[in-house]
Amino acid sequence: VIQLLQGIGLEALNIPSSALSASLTGAGIASSKDIWANPASIFMIQKKSIRFSGYNWLGHVPGNEISIFWIKNNKPSYISLQSSNIDDIELYGDNPSDEQPIGTFSTSWVAGSYCTGFKLYDFQISNLIKVNFSKLYNEIMYGFTTDFGFRYIISKKMKFGFSIKNVGYEHSNKLKNSLPTQYGIGFSFLEPLLNSSIMLDFIQDNNNGSIMKFGFNASANSMTYNLGITKNNEVLIYGFGCSYRYKQWGTNIGLITHNNTVFDISKYLDIIWYF
């Protein structure tokens, strides 16, 4: 029960919440249009929009998010509400190996976020604040975290980014918990042959150790294609996706798979309205 709450609860802070993030497996600290990778990515979003996202994370963990982005007085702002819920967890007694489940129960996760930023010379600096609430059976956990990041445009072809994620406070009466705080740096390069972006991130996670992420992004006609790989010790996570925009509407599709065959393919879908 404790491990399940941590997996659905605190580790949910690092689960991609959009198809764009999923397709890159979270890569793009230096060059991504998704705030999940780096809050400073808010400066790469150019048009007001509302995004609806639905997903089924590895291990059949369903979730959804709604987010709104707008600009007022040259100040970008982003707000989102994310939720995840599992209803059919089997409940056992003191000797689970010797008996049938006596019933089922549910676990849920809800988080609200707000992000904004400012420019200082050639630096793009941003901060994201998130409050979260988790419930598993009769156990409750809640708290708040903050993410900080900046981007620096070295040249037209090269960018650098830095981020700190999940710094904050979590409260629980009975459960021991540790925030999955992350420190990361990223580089992106514009490859002229295919006019594509190549992204490379190095991350240190408080709970999971060293993580390396690779991302690739290329556009052709009205389509954009993404590819991502994440390596954490012996764990490999692969992502792929594409994006399409027509007038005021856009859609992103993302797929994630794991080198552990126990997990099914994770599927993401974004629907975006530009206004």
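Hi everyone, let's start with a charge and a ring: the charged end of Arg245 sits over the ring of Tyr274, 3.9 Å from the ring centre. There is another case to look at, where the ring belongs to Trp36 and the charged end of Lys165 sits over it, 4.0 Å from the centre. Please keep in mind as we go that this is a predicted model.

So how far does the confidence go? The protein chain has a mean pLDDT of 85, and 84% of its residues reach 70 or more. The stretch to treat with care is residues 1-7, where pLDDT stays under 50. For those residues the model has 16 contacts beyond four places in sequence.

Now the overall picture. We have 275 residues in the protein chain, and 46% of them count as buried. The secondary structure comes to two helices and 14 strands. If you take the contacts between residues at least 6 apart in sequence, 47% of them join residues at least 24 apart. On the outside, the chain exposes about 14300 Å², with carbon and sulfur atoms supplying 61% of that area.

Let's go back to Trp36 for a moment, since it also turns up beside a serine. Ser21 is in contact with Trp36, and also with Pro16, Gly26 and Asp34, if we leave aside neighbours within four places in sequence. You will find Ser21 in helix H2, which covers residues 19-23. Is Ser21 buried or exposed? Its relative accessible area is 4%, and the cut-off for buried is under 20%, so Ser21 is buried.

On to the aromatics. How many aromatic pairs does the structure hold? There are nine. One of them is Phe150 with Phe162: the ring centres are 5.7 Å apart and the planes meet at 35°, so we call this pair tilted. These two rings link distant parts of the chain, with Phe150 in strand S6 (residues 139-153) and Phe162 in strand S7 (residues 158-172), twelve residues apart. The two partners fall on either side of the 20% line for burial. Phe150 has 18% relative accessibility and counts as buried, whereas Phe162, at 21%, counts as partly exposed. Both belong to one aromatic cluster, together with Phe123, Tyr152, Phe160 and Phe187.

Next, the charges. In general, side chains of opposite charge can pair when their charged atoms come close. A search of the whole structure finds one salt bridge. Which side chains meet in it? They are Glu65 and Arg51, at 3.2 Å from N to O. This pair also links distant parts of the chain: Glu65 is in strand S2 (residues 61-72) and Arg51 is in strand S1 (residues 49-57), 14 residues apart. If you look for them in the viewer, note that both Glu65 and Arg51 are buried.

My last stop is Phe275, in the segment after strand S14 (266-274). Which residue lies 226 places from Phe275 in sequence, yet 5.9 Å away in space, C-alpha to C-alpha? That is Ser49. Phe275 touches Ser49 as well as Lys47, Lys48, Ile50, Phe69 and Gln248, not counting residues up to four places away in sequence. With a relative accessibility of 32%, Phe275 counts as partly exposed.

That's my tour. Thanks for listening, and I'm happy to chat about any of these spots!

Key: Residues numbered from 1 in each chain as written. Predicted model: local features only at pLDDT ≥ 70, side-chain atom pairs only at ≥ 80, totals over all residues. Heavy atoms only, no water. Helix = DSSP H or I, 4+ residues; strand = E, 2+ residues; numbered from the N terminus. Buried < 20%, exposed > 50% of the residue type's maximum accessible area, 1.4 Å probe, protein only. Contact = heavy atoms within 4.5 Å. Areas by Shrake-Rupley, 256 points an atom, 1.4 Å probe, with all protein chains shown as cover. Phe/Tyr/Trp six-rings, centres within 6.5 Å; stacked < 30°, edge-to-face > 60°. Lys NZ or Arg CZ within 6 Å of the ring centre and 35° of its normal. Salt bridge = Lys/Arg side-chain N within 4 Å of Asp/Glu carboxyl O. pLDDT = per-residue confidence, 0-100.
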